[in-house]
Amino acid sequence: SQLNLLSLNVGIGWNQYVEHSQYSTWSLQSGSGLSFDIYVKDLWINLHDNASYSQDSSQQSAVANTATYGTVANTVGILNTLDLEDVTLTLGYDHRNTFSESGQSSANQFQSQNNSSELLVGRAGLVVHPTVTVGVEATGTFTTYDQQVLNNNSGFSTGVYADFHPSQYFHVSPHFGYTETYYQHTSQSIQTSDQGSWYANLSLSHQITDAVSYSLTAGHNITQGIQSDAIEQDTVDLGIGWNIIKDLGLTTSFSYTHGNQGQGNVSGNLTETYDWYTGGLNLSHPITKNLSASLNYRLTIRSSNIPSNAYTQNLVGLMLTYQAR
């Protein structure tokens, strides 16, 4: 309906490795979402549940030496927004379960990162101009792992943000603040000192013409690690859409990540500095209203101070995607 949304998408395809063809395999990507809105005068209450599955190890910058890394995640929560015209107050809570799906050759390689998280977010925004909103934000994250390999932790952040949208075709939103993570030393093999750092994120989208659009995101963050407790990383992602030919979508993309695994390491963490580059080209064509086919090429280059963790990947993929709303 106009207020409530149920969405489902499933993509299945074949990824052919130009080199090391033994890693060529079927790929599966799926996501589903349920969203229910309730309005009580100036209060908007959103109830939601989102689930996703992907199996693509080369799209995780911190992962190396495996072609079978995959994750399943489910997030359920509530978001409350109070709109007082010039002032908007937001308070949200989510519970997220994450677990890895590894291939038979590495069945237990990434099981140590299976976890559940409680996510809190609060924002207060002030409209200072019809096209500009500024505000303050704070988050809290509490993560518990199923196994005693990585450390349970709690993280807090506080900062400022802005939203600038001079037209429906252009939008930019910067965020800046400070984050602190505390580790509870539940691991039997890893010790990490508490981490504090600044964070910054910028997202920008622009519909230049009816046929050409682009989106850009860039940021600096400390995130949860995969084989270490913490990763400090700088990221840039650029995507350009070229809808020049009717019913033929063309997208080009570029990503760069500079990462430091094992931040705050006392003992036991994987410590690594890496650079990760990807460039992609995607052609898509609708078959029916809900079904589309796409052909893509992706080049991924990963360099590392650990020689065995560096690789170059050329990947050609064919995907069928079904989306229902």
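What volume does the second largest pocket have? In this predicted model, the second largest pocket has a volume of about 580 Å³. Its lining is made up of 28 residues, and those that lie nearest its centre are Gln59, Ser253, Asn282, Asn296 and Arg298. Several strands contribute to this lining, and the elements that give two or more residues to it are β1 (5-17), β2 (25-40), β13 (230-245), β14 (248-261), β16 (272-286), β17 (291-304) and β18 (311-324).

The largest pocket, for its part, has a volume of about 1400 Å³. It is lined by 49 residues, of which Arg96, Thr141, Ile222, Thr223 and Gln224 are the closest to its centre. The table sets out the make-up of the two linings.

| Pocket | Volume | Nonpolar residues | Polar residues | Charged residues |
|---|---|---|---|---|
| Largest pocket | about 1400 Å³ | 16 | 26 | seven |
| Second largest pocket | about 580 Å³ | eight | 17 | three |

Turning to the strands, β8 (residues 153-167) and β9 (residues 170-183) pair in the antiparallel sense, with 11 bridges between them, and the hairpin that joins β8 to β9 passes through two residues. Within this pairing, Thr158 stands opposite Tyr178 of β9. Strand β9 also pairs with strand β11 (residues 195-207), to which it is joined by 12 bridges, and these two strands again run antiparallel. One of the positions along that pairing is Glu180, whose bridge partner in β11 is Gly196. Strand β9 is thus bridged both to β8 and to β11. In a regular strand, the side chains alternate between the two faces of the sheet.

Charged side chains also meet in the model, where the count of salt bridges comes to two. One of them is formed by the side chains of Glu137 and Arg123, with a distance of 3.0 Å from N to O. Because Glu137 belongs to strand β7 (residues 132-145) and Arg123 to strand β6 (residues 115-129), this pair ties together parts that are 14 residues apart in sequence.

How confident is the predictor in this chain, and what is its average pLDDT? The chain averages a pLDDT of 89, and 92% of the residues score at least 70. Over residues 103-107, however, the pLDDT is below 50, and this stretch has four contacts in the model beyond near neighbours in sequence.

Key:
Residues are numbered from 1 along each chain as its sequence is written. This is a predicted model: local features need pLDDT of at least 70, side-chain atom pairs count only at pLDDT 80 or more; totals for chains, interfaces and linings use all residues. Side-chain values use heavy atoms; hydrogens and water are left out. Two strands pair if DSSP finds at least two bridges between them. Helices (H or I, at least four residues) and strands (E, at least two) are DSSP runs, numbered from the N terminus. On a 1 Å grid over the protein atoms alone, a cavity is a set of points where a 1.4 Å probe fits but cannot get out, and a pocket is an open set with protein on both sides within 12 Å along at least five of seven lines; lining residues have an atom within 4 Å of a point. Grid points are joined across faces, edges and corners, and a volume is the space filled by probe spheres set on the points. Ala, Val, Leu, Ile, Met, Phe, Trp, Tyr, Cys and Pro count as nonpolar, Asp, Glu, Lys and Arg as charged, and the others, Gly among them, as polar. pLDDT is the predictor's confidence in each residue, from 0 to 100. Contact means heavy atoms within 4.5 Å. A salt bridge is a side-chain nitrogen of Lys or Arg within 4 Å of a carboxyl oxygen of Asp or Glu.
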